[in-house]
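Thanks for making time this morning. I would like to walk you through one model, so please have the sequence and the structure open as I talk.

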Amino acid sequence: MAFEPLSAVPDHSALEREVLDWWEREGTFDALREQNHGGERFSFLDGPITANNPMGVHHAWGRTLKDVFQRYKALRGFDQRYQNGFDCQGLWVEVEVEKALGLNSKREIEEYGIAEFAERCKERVAKYSEVITEQSKRLGMWMDWDNDYHTFSDTNIEYIWRFLKAVHERGWLYKGHRSTPWCPRCGTSISQHELFAGEYKELEHPSLFVRFPLKERNGEALVIWTTTPWTLPANVAAAVRPDAEYGLRDGDWRLASEGQEYEHLAKGEDLVGLEYEGPFDDLPAQQGVVHRVIPWDEVSLEEGSGIVHIAPGAGTEDFELSKIHDLPVLAAIDESGRMNQEYGKLAGFATEEVEQPVIDALRERGLLVEAGRIVHRYPTCWRCGTPLLFRVVDDWFIACDEIRQPMLDANATVEWTPAFYSKRMDDWLRNMGDWNISRKRYFGLPLPLYPCECGQLNVIGSRAELEERATEGLDQLQELHRPWIDAVPIKCERCGKEVRRITEVGDAWLDAGIVPFSTLGWQNPEWVEHGFANGAAAGLSGADLPDHAYWEQWFPADWISEMREQIRLWFYSISFMSVTLEGRTPYRRVLTYEKLLDETGREMHRSWGNAISADEALEKMGADVMRWMFCEQPPGQNLKFGYGPAQEVKRRLLTLWNSVKFFVDSANVEGDWMPDDARELEPLDRWLLSRVEQLVAEATDAYERYWTPDVVAAFERFVDDLSNWYIRRSRRRFWNGDRAALQTLWSALVRSLLVIAPVMPFLAEHLWRVLRSDEAPDSIFLVRWREAGERDEQLFAEVAQTRRVVELGRQARAASGLKLRQPLRRLMVEGAPLAEGHVDEIRHELRVKDVELGEVEATQLRVKPNLPVLGPKLGKELGAVRAALESGEFEELPGGGFRAAGHDLSSEEVLVERTGKEGWAVAGGEGVTVALDTSLDEELELEGRVLDLIHELNSMRKQSGFELTDRIVVTLPDSAADLLQHEDWIKEEVLAVEIRTDGGSGEPEIAKA
Ligand SMILES: [Zn+2]
Ligand SMILES: [Zn+2]
């Protein structure tokens, strides 16, 4: 059979597009699912990607890992779900739509119209789910693209309602009044997990030391420190650390520092209870406030003055203190971060706008001790980057104290890869605060909470329940989103009064957290065709709502994979909801991975010019190269991604390409070659076939551990063995059309392609289509995984030692300065007994006439003290030991040690150098030593010249573009006549039919015979 010839190098992008078209035309993915239908189940659950922007290269990392393991499991015949998910609602979509529409505040959104705004959000999701789908296909991701789940579907929303109702029935749902991080631009509070998701930026703020004059202590004042001047008008207390010592000097009380003189010293507890005049007592907000000193153990003694100004309306800890000490809570700012009406001249100004007026007022009143600037790390909004403020608001929370331990117990049953992430999850669970689920926004999960003035909190658990209890507005309810849902009041279940929904929407992690239930049809009595693609998702997908029996089959997921951030996001939210509803974890195994950085190790930012878009990477690098980089990377470390590393991967992939090309060219010379098994194999053939079984074993083990770096490493070692040992050692057999060699190489190649196909599906598929035999499946993905067969471990060890000897022999040659082509007389080898049966290979590889295994005597041993180790140990004795070693008066001990001047020295305490004696080149390591006889005689020199000539003639053949099989006539200069002693040898090596020596004094020439 004839194989399709390969080009010199692969054009990855062109090849990948061709394979994509072919898969599409042939319906390969459908055929695979058909083939595996009814097989053992492997349940994968996709964490939704935000359908809000094109996917980035960091998404490509995660999507590659998902695809690699789904493809691997498919090769093993597992029946799988391939449902992709899109995250569709919440702040991320809103903020992008605001930007696109040029809206800058919540007021402007309301003027634009909430219904219109919702439509724009839906359009954006529709657009980017298309874009991401196309990008993911290009990456090679096989998913059931017409059946995606969208988190904003009515079904998904209803399932969250059900969860919230369950939470309420347990008494965990409550409305909290507290000071929380707040984004003034987005006009909403930020939950604990969102706070972590945001960046801490280096920001410059004022640094003020301010005097609070003490009442009834004439001329004495407390000095406090603050970096948020806007909070001073809302001050109600000053906190001291009870056990710390404070000192009074020049009328100012501060933390006492050592070596300073003070007029008075006092413990913090002695200051507690003192009253002081606030800095802005004239403001309406401050009317009736009595300012006093309170104790607080958490006061920092590291920075500031040791006295902390407390404004419970503008800080989380301040707020907690207000509850303990019964302090008034003054709300300083409104939704948009502007000072409230009760703040006099400051009212209506943004927090940074009041900095200067506050400083001026303090200075005027003689209260300013010092005004400077400070650069510190400050939290910003995860969505829009605006510095966060603190504000007292009413938010809805799920209490988590009762679920904490069950979640920890559930996590203990999960197998994490890498394993240390399990502890990270535990840490998060131990520290998680109550879940703030409400956002004062527009396009998000409508929280089904209807508080009544009678005190009843009505929680709606389904659409049916809503319809049953609605008093009006059902006719306009096109979907369960704002503003439509807001126009449907219900009847209070306790007093019968009409009640309205709170206007808040839900945290987006509720949307993503419910998918192990909503997409699998938990507790759903009957399968509903397209039942998931309703509400805002209608028309975007054909996803069904399965029934409960289906859920039973596919829950919990056998495996999920997302990036490390998801520990406190998706992994947390699905676990929270699952432990609540079912009392167990929704996933058995997790693979998680770190961050993607640029190739120099910096974060990628569009504004820094170092970001690479996924589209650009896919075209310029090719999907396989990207996937290779993602798979090679240990997932617990940050990945340095860029064109430099991509080039390096391409270079390495070339070894495989060249090996296949070598096979194809060799087989095509033998026009009628067909794969068959009935050949007599040589030991090297048996070695390669055994070696490929070893590859299968190693890769299977790595895949089963979800550890792609070991798959890639095993494959690279194999390709190195195949190319740099098997092919290299067998070239002559291929030239001679040796069928056993062709058969062996062909078998090894097709078997190894299957191993790497999940990692680089395109190249594997392409090469498979070139190599496959007629009766094999058209696509490599329709082949079944075969377990590793028998391996000859003895043979591996022999060849490994042989390769080691050859490597050392090359080092010795290089050190001697002799050309590799110069034949030599003798090689002595010590410490490689297993190479005995491979002496011929060593002779050929190193071009030596004789190889002797045994003791190498041709070396000189030099031993020196390892001073940093031995110096401290021997002290004065060192000199004697050194002298003994230098003069060769030492004895070798078993295990690599030495005895000198009466001391036993271990191998770590000495530096050992073996050099060749005159006329020998030596190299050694890992217990093997080789010595090469470097002396030349006439015969060797002549052979050296013959080999130079052969090399030259073959280069000329190549440059002249001759076919591998073309016969030639060679013309040599007169001076080369003596080389004709080896005429037959030369003829054979360069496929010459005639060698003439009438070339005068010119260069050698060749011509087609
Ligand atoms: Zn924001
Ligand atoms: Zn009521």
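I will go through the metal sites, then one strand and its partners, and finally the cavities. Please keep in mind throughout that this is a predicted model.

Let me begin with the zinc ion that is ligand 1. Which residues hold it? The zinc ion (ligand 1) is coordinated through the SG atoms of C183, C186, C381 and C384, at 2.3 to 2.4 Å. Along the chain these donors follow the spacing C-x2-C-x194-C-x2-C, and the angles among the four donor atoms run from 104 to 119°, with the site classed as tetrahedral. If you are wondering about access to the cysteines, C183 is buried, with a relative accessible area of 0%, and C186 is likewise buried, at 0%.

The zinc ion that is ligand 2 has protein donors C452, C454, C492 and C495, in each case by the SG atom, lying 2.2 to 2.4 Å from the metal. Here the spacing in sequence is C-x1-C-x37-C-x2-C. Why is this arrangement called tetrahedral? The angles that the four donor atoms subtend around the zinc ion (ligand 2) are 104 to 115°, and because four donors count as tetrahedral when all angles lie between 85 and 135 degrees, the site qualifies. For those who like a reference value, the ideal angle for four tetrahedral donors is 109.5 degrees.

At this second site, are C492 and C495 buried or exposed? C492 counts as buried, at 3% relative accessibility, whereas C495, at 37%, counts as partly exposed. The cut-offs explain the labels, because buried means under 20% relative accessible area and exposed means over 50%, with partly exposed in between.

Now to the strand I wanted to show you, which is β9, residues 221-226. This strand is mostly covered, with six of its six residues buried. If you look at the two faces in turn, A221, V223 and W225 lie on one side and L222, I224 and T226 on the other, and all of them are buried.

What does β9 pair with? Strand β8, residues 200-213, runs antiparallel to β9 and is joined to it over six bridges, and within that pairing V210 has I224 of β9 as its bridge partner. Strand β12, residues 252-255, runs parallel to β9 and is joined to it by two bridges, with L222 standing opposite W253 of β12.

That leaves the enclosed space. The count comes to three cavities of 30 Å³ or more, and the largest of them holds about 90 Å³. Its lining is made of 13 residues, of which G90, L91, E194, R439 and A508 lie nearest the centre. The elements that give two or more residues to this lining are α4 (91-101), β26 (505-506) and α15 (508-513), and the largest share, three residues, comes from α4. By residue type, the lining of the largest cavity divides into six nonpolar, two polar and five charged.

The second largest cavity holds about 40 Å³. Among the residues lining it are F44, L45, R81, W554, F555 and P586. The lining of this second largest cavity divides into nine nonpolar residues, one polar and one charged.

I will stop there, and I am happy to go back to any of these sites on the screen.

Note on methods: Residues numbered from 1 in each chain as written. Chains lettered and ligands numbered in written order. Predicted model: local features only at pLDDT ≥ 70, side-chain atom pairs only at ≥ 80, totals over all residues. Heavy atoms only, no water. Donors = N, O, S within 2.8 Å, 3.2 Å for Na, K, Ca; no water. Tetrahedral: all angles 85-135°; square planar, octahedral: opposite > 155°, others 65-115°. Buried < 20%, exposed > 50% of the residue type's maximum accessible area, 1.4 Å probe, protein only. 1 Å grid on protein atoms, 1.4 Å probe; cavity = no way out; pocket = protein on both sides within 12 Å on 5 of 7 lines; lining within 4 Å. Points joined across faces, edges and corners; volume = space filled by probe spheres on them. Helix = DSSP H or I, 4+ residues; strand = E, 2+ residues; numbered from the N terminus. Nonpolar A, V, L, I, M, F, W, Y, C, P; charged D, E, K, R; others polar. Pairing = 2+ DSSP bridges.
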